[in-house]
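Student: I have a model open and would like to learn how to read it feature by feature. Could you walk me through it?

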Amino acid sequence: MKPATMPTEELMGSGHLACQGCGATQAMRFALKALGPDTALVIPACCWAVIDGSFPHSCIDLPIYHTAFETAAVVASGLKAGLEMRGDTKTTVMAWAGDGGTFDIGLQSLSGAAERNDDFIYVCYDNEAYMNTGIQRSSSTPVGAWTTTTPVTNYKREPKKNMIDIMAAHSIPYIATASTAYPHDFMRKIAKANTFRGTKYIQIFAPCPTGWKLAPELSVKMARLAVTSKMYPLLEITDHGQKLEVWKDFEPTPIAEYMKAQGRFRHLSDAEIAGIEKDVEAKWERLLAKERMLASIPGL
Ligand SMILES: Cc1ncc(C[n+]2csc(CCOP(=O)(O)OP(=O)(O)O)c2C)c(N)n1
Ligand SMILES: [Mg+2]
């Protein structure tokens, strides 16, 4: 990934209410730099419902529609339709939800909006649990993780839900994953998403030092190691689900380096970590095979 210049315009101020090292907060700042001021936000219940501040204060210099937990996508659909009825076809509507609000409770309204191909960007900031209510397991929580509802005696055994494949099955124009360690890549993907009409889905890996029992200063490092350990591949899906591009231009790092820095994985033995690494490697190989397979089919 080539370095690029960060836009200097700030639509997010410093007076936010997030924890130190919050990846979701970094992600919002980058997204708004990529989109600019002609943007309206829809935020359901999640940490970000708190982070921007309580009315009448806000750290974001844009209109924000705070919604019920399960309704981010359908409210974004309605907001966009309302703006268009008023003759405003320019404003970008961005729904901004957590993994619980996306992978679990908001899935139905997101699926409905994506099937209709309603015109907005949906960003899921993925911190891999319900953090705002005290670190409960979501279907995005990875195998092996401690949460308050998956305690060390009964830590998470089920694999993380493959939300990207679910979204790809909707044939929407643009899907991407991103990581807070690669802000230029994320901003490029947000800007690219904004060039398509229809539903665009971007899922950004956003460390939560509080929920992961992680030193806040390691937030960006973890976001990088998640990618270089192949736990969280960076990819783009275009052509309505028909074209997949996976980023491979990095030095691979061992998964133990990623997992051992985080208290949520501290109970895992070396053998268990090795088992997870094997699974991650197999998933990575399948992803690359899929990329080759899609590239080999002409005329799609
Ligand atoms: C219908 C409903 N159920 C439960 C809640 C309580 N609640 C508010 S935020 C939240 C967790 C959100 O998790 P996620 O979407 O991952 O965002 P994060 O808190 O991690 O930022 C929950 C369970 C709610 N507001 N509404
Ligand atoms: Mg979450």
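Tutor: We will go through the metal site, the ligand, the cysteines and some backbone details in turn. Please keep in mind that this is a predicted model.

Student: Let's begin with the metal. Which residues are the protein donors of the magnesium ion (ligand 2)?

Tutor: For a metal, look for the N, O and S atoms within 2.8 Å of it. Here the magnesium ion (ligand 2) has Asp 99 (OD), Asn 127 (OD1) and Ala 129 (O) as its protein donors, at 2.0 to 2.2 Å. Water is not among the atoms, so a site may look incomplete.

Student: What spacing do the donors follow along the chain?

Tutor: The spacing is D-x27-N-x1-A. Asp 99 sits in helix α4 (residues 99-104), while Ala 129 is in the loop between β4 (120-126) and α6 (163-168); the pair is 30 residues apart and links distant parts of the chain.

Student: Are Asp 99 and Ala 129 buried or exposed?

Tutor: Both Asp 99 and Ala 129 are buried.

Student: Now the other ligand. How many residues surround ligand 1, and which are the closest?

Tutor: Start with the shell, then look at individual contacts. Ligand 1 is surrounded by 16 residues, the closest being Cys 47, Gly 100, Gly 101, Tyr 125 and Asn 132. By class, the shell holds 9 nonpolar, 6 polar and 1 charged residues. Helix α4 gives the largest share, 3 residues.

Student: Which atoms lie 2.9 Å, 3.2 Å and 3.0 Å from oxygen atoms of ligand 1?

Tutor: A polar backbone atom of Cys 47 is 2.9 Å from an oxygen atom of ligand 1. For the side chain of Asp 99, an N or O atom is 3.2 Å from an oxygen atom of the ligand. Ala 129 offers a backbone N or O atom at 3.0 Å from a ligand oxygen. As for cover, ligand 1 has 590 Å² of accessible area on its own, and the protein covers 74% of that. Asp 99 and Ala 129 are also donors of the magnesium ion (ligand 2).

Student: How many disulfides does a search of the whole structure find?

Tutor: A disulfide is a covalent bond between the sulfur atoms of two cysteines. The search finds 0 disulfides here.

Student: Why is Cys 46 without a bond to the closest cysteine sulfur?

Tutor: Because the closest cysteine sulfur, in Cys 47, is 6.9 Å from that of Cys 46, which is too far for a bond. Cys 208 is in no disulfide either, with the sulfur of Cys 47 as its nearest, 6.2 Å away. Cys 46 is buried, at 8% relative accessibility, and Cys 208 is buried at 12%.

Student: What does the side chain of Thr 141 reach?

Tutor: For a buried polar side chain, check its partners. Thr 141 is in the loop between β4 and α6 and has 1% relative accessibility, so it counts as buried. Its side chain reaches the backbone nitrogen of Ser 138 at 2.9 Å, and a polar atom of that side chain lies 2.7 Å from the backbone oxygen of Glu 128.

Student: Finally, where is the cis peptide bond?

Tutor: Look at omega for this one. The cis bond joins Phe 55 and Pro 56, with omega about 10°; Pro 56 is in the loop between α2 (48-51) and β2 (64-66).

Student: And what is phi of Ser 171 and of Asp 239?

Tutor: Ser 171 is not a glycine, yet its phi is positive, about 55°. Asp 239 also has a positive phi, near 50°. Ser 171 lies in the loop between α6 and β5 (174-179) and is partly exposed at 39%. Asp 239 belongs to the loop between β7 (235-238) and β8 (243-246) and is partly exposed at 43%.

Note on methods
Residues are numbered from 1 along each chain as its sequence is written. Chains are lettered from A and ligands numbered from 1 in the order in which they are written. This is a predicted model: local features need pLDDT of at least 70, side-chain atom pairs count only at pLDDT 80 or more; totals for chains, interfaces and linings use all residues. Side-chain values use heavy atoms; hydrogens and water are left out. A disulfide is a pair of cysteine sulfur atoms within 2.5 Å. Buried means under 20% relative accessible area, exposed over 50%, partly exposed in between (1.4 Å probe, protein chains only). Donors are N, O and S atoms within 2.8 Å of the metal (3.2 Å for Na, K and Ca); water is not among the atoms, so sites may look incomplete. Helices (H or I, at least four residues) and strands (E, at least two) are DSSP runs, numbered from the N terminus. A residue is near a molecule or strand if one of its heavy atoms lies within 4 Å of it. A polar contact is a pair of N or O atoms within 3.5 Å; within protein, one must be able to donate a hydrogen and the other to accept it, and residues adjacent in sequence count only if both atoms are side-chain atoms. Accessible areas come from the Shrake-Rupley method with a 1.4 Å probe; for residues, only the protein chains shown count as cover. Ala, Val, Leu, Ile, Met, Phe, Trp, Tyr, Cys and Pro count as nonpolar, Asp, Glu, Lys and Arg as charged, and the others, Gly among them, as polar.
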